[in-house]
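I opened the notebook today to go through this structure chain by chain. My plan was to look up a few things and write each one down.

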Amino acid sequence: METLKTISGYFATIGVAFTVGFLFMGFRRILTARVQNRVGPPIYQNLLDIIKLWSKESAINHGLMQHMGPAFSITASVTTLMFIPVLRDGNWFQNFSFEGDLIFLLYIMVFGQLGMALGAGQTGNPNSAIGVSRGLSQIVGYEIPFVLALTALMVYHETTSLHEIMAAQDSIGGWNIFVNPLAFVAGIIAFLGMTHYTPFDVPFAPAELASGPPSEFGGKYLGMMMTSGSIFAFAKLTLFVNLFLGGASNLLELLVKALALYLIPVIIGIVTPRFRTEQAILFFWKWPTIIGILSILWVVWMR
Amino acid sequence: MDITGIPFFLAVSFGGAFLAYLMNFAHRFLRNAVVLLTVSASAALLFWLGDETFSMEMGGFVLTLGKTPYSLFFAGIVALLAVPTVLFSFTYMAKEERPAMYYLNLLITIAAMYGILFSLDLLSLFIFWEIMTWSSFLLTIHKGGNATKAGVKYFLYSAAGAYAILFSVVILYNMSGSLLIEDVARSFVLQNPLMQLMLAGTLLFGFSVKAGLMPMHGWAPDAYAESPAPFTALFSGALSKMGIFGMGMVLYQIFLQSPFSLPVRELLAWAGGITSALATLRAIQQTDAKRLLAYSSVAQLGYIVMGLALGTPLSMMAALFITLLHGVFKAMLFFAVGAVYFRTGLTDLNELRGLIRRMPVSFLTVLMAIISLANIPPLGGFVGKWLLYESLIQSDHYFLVIVAFFSSTASFLYVYRLIFSIFLGQEEKEFEHVKEVPFLTMQLPMLALAAVTFITGIFPGIVLAPISSALTYLGFPIQHDMWSMSMLFNEWGNRMNLLAMISVIGTVFLTGFTILYFYRMRRTRYVTTKDIHTSGEVPTENENLTYAINFYQPFERAAHPVLSKSIRAWIDWIGRSVSELGDFLRHIYTGDGQTYAWYVVLFLTFMLAAGSWIL
Amino acid sequence: MPELFPLSPVHYVAAPLLAAFLLPLVAKLSRSFIKILPGLTFLYVLYVSAVLYPQALQAPIIEQIAGWAPPLGINLYYGPMAGLFASLFSALGFIVWLYSLTQMKQEPLDRFYILLMMLVAGATGMVLTGDIFNLFVFMEITAISAYSLTAFLREDDKAEAGFKYILIGSLASAFVLLGIAILYSYTGTLNLADLALNMDKVPLSVRVIVFGLFLVGFGIEAEIFPLNGWAPDAYSAAPAPVSALFAGITVKAALYALARVTILLFPFAGSMALISILGLVTLVISELAALHQKNLFRMLAYSSMGQVGLAIAALGLFTAEGVYAALFAMINHAIVKGMLFLTVFAMAGGSATLDGLNGMGRKKPILSLLFTLGAFAIIGLPPFSGFWSKLSVLTAMGQTGNYAMIAIVLATTIVEAAYFLRATGRLYLSEGNPAEGKTPLSAIAALAVLAAGILWIGFFPGSIDETLTAGAQDLLDTAKYTEGVLKD
C-alpha cells in the first residue's frame, strides 16, 4: 500500500508539473500577444499542440540517435523533477529529493540539453548544428552565475541539500532573496538564460534557424520534447522557489511564487531584443558573474 | 624466485618485453601471444603480490622495492589499461612498420610504470621514471614525420622535469644518507623551511611536468596527437598519472609537515584549476580529434591536481577516483578515435562526418565516454566530480569551484564537437564503405572499458575501497561514513544515492525510448541526411550541408582575450632563445687557426694576470 | 709464461712502438700483415693488462728504466689509476683496429696503422711515466701522430684542420716545455715524485706561473674552453676511428697528466676550484654550441668537449668521490663516444650531416639501434652506463654542497638531450628503403663490444666500483706515490 502510494505520488508530481508547465507557457503566449496588440491563443493552447503532436504519424527517421534525443530530454526533465522537493514538508511530492543534492541537480539539468544536441546532430540539418553550437556556448555563459549563486547559498547554509536550505528559510525574513539578494540577482539572470527566452533565444532563433536544434523533429518526437519542456519549466521554477523564496507548503503557494518568478523572464523577454551568442556569453561573464562573486564575498563576510 | 615477490613481477614484465621482441622474428602470432600473456600475467600477479620488500645494491646505492596500498591502486590503473591497450594494438599496429620495436617499447613502458609504483626509494623511482620516459619517447616518434618533433619536445619537457627531480634526489640523499622515502621524510623535517620549500618545489615541478600541469603542458598536445592511438590511450590514461602519483607522494609523505606545505598546496590547487580552465578553452578550439583529446587530458589532470592539492579526505578520494575514471574514459576516446583513424585514415574534425551508422560501436563508446567526461550522471565521471565539488565547497575554495565548474561546463562544447564532427551530421559518399572495426581486438577493449564507466557510476564503492586503503596509507583516515557501495556522503552529511539515481534515470529513459522506438521508429523508414527540412529547396547530391568548420566561432570570439595568448609560445620562445644562444656561441669557433691561437694566448695572459692579482 | 718472459709496464709502450717500426718491413712480406699486426699488438698489450692490472690493484708496480733508480733515472708508475687508463687505451685501440679492418679503406693503410699504434703508445706512455720530461716526450709522440691522422684523408679542409691542430698543439708543447724548464731550474729534478717533495724550493709566484703554463699546455689537449678551438675541426676532419681515439685516448691522457701534475705539484685550493669552474664553463659552452650543429662529427666533437668538461668539473672537486666520478665519466665517455663516432661513420660515412641520418631506422636497423643506445647513454638515461657516471658526478657535487653545480650540470643535460634526440628522431623518419647494404661483421663486432660495455656497466655498475675507488685513491694519495717511487 505504501509502495503504491509512493508510486502514484511520482505520477501525480509529473502530472502537476506538466499541467502547470503548459499553463504557464500558455499564459506567456497570451501575455506576449497582448503586449503586441494581438488576442493570442487560449491558455491551454500548448496542451492542444502536444495532443496534436502525439497523435501524428511520422513517416521518416534519420537514425537511432534521433530517437534517443527526446528520450534523453524527458529523462533529464523527469529526473530533475524527481530529485527536487516540490513542497516544503509532508509526505507528498517529496519523491527522491532526499537521495540527491544540488550538485547532482546541476549536472542532471544539463543532461537533457546534451541529449537533445546529440539527437539534433544526427539529423544532418545544418540549422540544428548551428543551434546546438550556440546553445552549448550559451550554457557556458549562464552556468557561471548560476553556480556562483548556488555556491553562495550552499556555503551560507553549510549544506548541499535542498531540504536543509528550505528548512532554514522558515520566515519571510529568512528567505534567501532577502538574506542574500545578490545571489538572487545572479541566479535569476542565469535563469533568464536557462529559459531560452529573449534576449537569450539565439540558439532557437525561429526566424533565422527554423527553430534550430528541433528543426527535424515532428510528431511524437516533438510532442515528447514539448512535454519534457513543460515538466522542466516547472522543475526549474520549483527549484528557484525552494532556493530563494523559502519553498512552498502547499501547491497554491507554490503556484503563486512560481508565477511571480516566471513573470521575470517573461516580461524581460517581451521588452528586449535578441543578443548574439558572444554578446550573451560576455554578458553572463560580466555583470552576473561579478554580482555572484560579491554574493559569495557577502556570505563569507557574514559568517 | 618467489613468484609473489616484486622481483619476479618485474622480471615477468620486463622479460616479456624482450621475449616479445625476439618472438617477432619467429611469427607475429607468437609475438602477440607473448605480449598479451605478459600484460595479463603481470595484471594477475598484482593480486598475489606479497608484502615483503626487496633490496639490492647497485652502483653503491641501495635500491628498495615494495608495494604500498597507494602504489597498488595506481598499479591497478596501469593493469586495467595495459590489457586493452595491447589488445587494441594487435590489429591497429598490423599495418604499421617496425612492430617489434613498438611492442618492445610498449611493454618496457608498462613495466617501468610498475617499477615506478613499486619503488620505495627515490633512486629506483627515478631510474624507472627515466626508463619510462625514453621508452615512451621511442613510442611517440614511432610514426616518423611530425611525430619526431613532437617526441623530442615531449622528451625535453620530461627531461626538464626529471632533472628537477634528480636535483632534489641528490640533495636529499646527501642530507639523509638514505634514499628510502621514509628516511628521507624523517630527515626532511629537520631542514630549514626554505630548503624544504626548494626541494619539495623542484620535486613537485618535476612530477607536474608528466601530469601536464600548466605551464609545463606544452608537450602534451603534440605528443598525444602524434603517437600511435593505442599507446596514446595508455599515455594519457596511465603514464601521465605517474606524475600524480609522485605529487601525492611528495605532498603527503615528505612535505606535509613543512610550514610551506599549505601555501604550496594552495598554489598547486590554483594551478590545477587554471590548467583545467585554459586547457578546456584550448580544446574547444582544436580541429584535430587527438589534439582535442590531448587538451582535454591536460584539463582533466588539472582537476586531479586540484583535488590532490586540497588535501581533505574527500578531495583526495575525488582526485584518485578521477585518476582512474579519466584513465578509463580517455582510453575509450583514444581507442575510438584510433578506430576511426584505422578505418578512414583521418583524425581531422573538419573532414570526418556522419560515421554513426558505419561504426555504431565506436559511436557508443564515444557516447559513453563523453557522458563520463562531461560528468553527467549516471556514469562514473559524475561520482568523481561530485566528490571534487563537495570537497572544494567544504574546504572553503569557493572560487575554485567556479573555475572548476566553468571548465566542466565548457567541456560539453568540445565533447559535443568531437562526437558531432565524427559521427553525426551529414553522411558522406566517401565514407560509404567504411566498416566497423573487428570485434575481438578492437571493439572488445572499448566495450569492456565502457562497462567500467557504467559500473563505477552506480557502484563506486568498488573503486573507493582500494582508494580508502591507499589514502589511509597516505595518512588520510577514511571513515566508513564517507561512502558505501553505491552511496556518497559529503562532510556536511548530505548524501548522494546512486542506486536511486540510476533507477529513476533508467526507468524514465527506457520508458521514453520504448515509446518512441516501438511505436514510431519501427514504422518509419530511414531517409538520408540530405532529406531534411531546407525551406523547400531540395539539396543536390553534392551540396555540402555540414556545419562543422569553425563550429564554435561565436564562443571563440567571446573567449578571444584568453585564447589569443599562448603559454606554449612563451616556452617555445625560451627554447628558441637557448638555441639561438647556442648558435651564437658556435661562432666562438670561427674555424680560423689564428683566432684559436689568440684564445690560447689571451687565456694564458688572463690566468697569469689573475694569478698575480691574487698574489 | 711470466717466468719465461717477465711482463712489465714497459711493454705497453714498447710493443706498439716496436710494431710500428716493424710494420713497413712486414708489409714488404705480405700486405695482409699490415692489417693483422696491429691487432696482435693490441691483443698482446691487453694480455699485459690482464696480468698486471690485478697486481697493480694490490700494490703499484714501479718500473725503473735502464736500471737507474729515481730521481736520477726514469721510472714508470703503474698504479691503479695508470693501469686503468692503460688498459682502457689498449682496449679502445683494439676495438678501433677491429672496426678499421673493414671500415678503413683509405690508403696508405700501413701508415695509418703506424700512426694509430704510435698514438696509443704515446698516450699510454703519458699515463705511465713518472718523469715530467718523459711526459712531455710522450705528449709530443701522441700529438704528432694525432696531427698526421687528422690530415690523413688528404683533402684541403682536412689538411687545414690538421694545420690548425699543429698550430695550437705546438703552443701547448711550448708552454709545457717552458713550465718544465722553469721547474727544473729551481729544483734540479725532473722526476715527478722528487719534484713534489722539492716544490717548496720554488717561490709561490713562480709556482702560479708554472701552473698557468701547465694548465694551458695540458688544457689544450684536454679540450678545456677556450683552448679547444682545434677540436671541432680535428674531430670532423680525422677519419672516424681516429676521432673515436681522440675522444677516448688523447683527451684522457692529457687530463690524467693535468690531474697528476696538479695534485702532486700544485695542490692549492684555488687551482682546484679553478679547474672545476673551467670544466663547468667548457661543459656549458660546448653543449650549447652543439645545439645548432648540422655536421654530425662536429656535433659529436662539441659533445666530447662537453663530456670532458663534466669530467673536469668533477675532477676539480679533488675529493675521493669527485675523482671517482671523474674517472667514471671518462670511462663512460671513452666507450660511448667511441661507439657513437664509429656508428655514425658506419652509417653515414665520413661527412655525415644530420640529414644523412634520415630514415636510417629502415636502412640500417642495427646501427640505428646502436646509435640510439649511445645517445641514451651519453645523455645519461638509465639503465645505461652514462646514468651511473652522471649520478656519481652529481652525488660528488652534492657532497661538497655545490648545489649550483648540480643545477648547471642538469640543465646542460637537457641541452644535450635536445641535440642527441633530434638526431635519434631522424633515424626513425619513414624515409628510405629497408636494409640497404650490409655493415661488415668486424664493424658490428667492434660496436657490439662497446654496446655490451654500456649495458654491462649500466646493469652492473658495481662491477667497476673497485677499480674506480682504487684509481681515485691512487690519484689523491700523493704521499704513497712519492714514497713508492723514491723508496729505493
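What percentage of the 303 residues in chain A is buried? I noted first that this is a predicted model. For chain A, I found that buried residues make up 61% of the 303 residues.

Entry 1, chain A. I went through the secondary structure and listed twelve helices and one strand. Following the sequence, I wrote the pattern down as α-α-β-α-α-α-α-α-α-α-α-α-α. I then looked up the radius of gyration of chain A, which is 19 Å, close to the 19 Å that the globule rule gives for 303 residues, so chain A is as compact as a globular protein of that length. Along the principal axes, I noted a span of about 60 × 55 × 40 Å for the C-alpha trace of chain A. I also looked at contacts in chain A between residues at least 6 apart in sequence, and 79% of these join residues at least 24 apart.

Entry 2, chain B. I took the domain assignment, which gives domain 1 (1-255), domain 2 (260-529 + 545-565) and domain 3 (566-614). I noted that domain 2 of chain B is written in two segments, 260-529 and 545-565. Between the centres of domain 1 and domain 2 of chain B, taken over C-alpha atoms, I have 25 Å. For the contact between these two domains, I counted 44 residues from domain 1 of chain B and 50 residues from domain 2 of chain B. On the domain 1 side, I listed α3 (69-92), α8 (193-211), α9 (219-226), α10 (229-239) and α11 (241-254) of chain B as each supplying at least two residues. I marked α3(B) as giving the most to that side, with 13 residues. By residue class, I divided the domain 1 side into 31 nonpolar, twelve polar and one charged.

Entry 3, chain C against chain B. How many residues of chain C are in contact with chain B? I found 53 residues of chain C in contact with 47 residues of chain B. On the chain C side, I listed α6 (156-187), α8 (204-221), α9 (230-237), α11 (269-291), α16 (385-399) and α17 (403-427) as each supplying at least two residues. Which helix of chain C gives the largest share of that side? I marked α17(C), with 13 residues. By residue class, I divided the side of chain C that touches chain B into 36 nonpolar, twelve polar and five charged.

Terms used:
Residues are numbered from 1 along each chain as its sequence is written. Chains are lettered from A and ligands numbered from 1 in the order in which they are written. This is a predicted model: local features need pLDDT of at least 70, side-chain atom pairs count only at pLDDT 80 or more; totals for chains, interfaces and linings use all residues. Two residues are in contact if their C-beta atoms, placed from the backbone, lie within 7 Å. Helices (H or I, at least four residues) and strands (E, at least two) are DSSP runs, numbered from the N terminus. Ala, Val, Leu, Ile, Met, Phe, Trp, Tyr, Cys and Pro count as nonpolar, Asp, Glu, Lys and Arg as charged, and the others, Gly among them, as polar. The radius of gyration is taken over C-alpha atoms; the globule rule is 2.2 Å times the number of residues to the power 0.38. A residue is buried if 20 or more other C-beta atoms lie within 10 Å of its own, exposed if 12 or fewer, and partly exposed in between; C-beta atoms are placed from the backbone. Domain bounds come from an automatic or database domain assignment.
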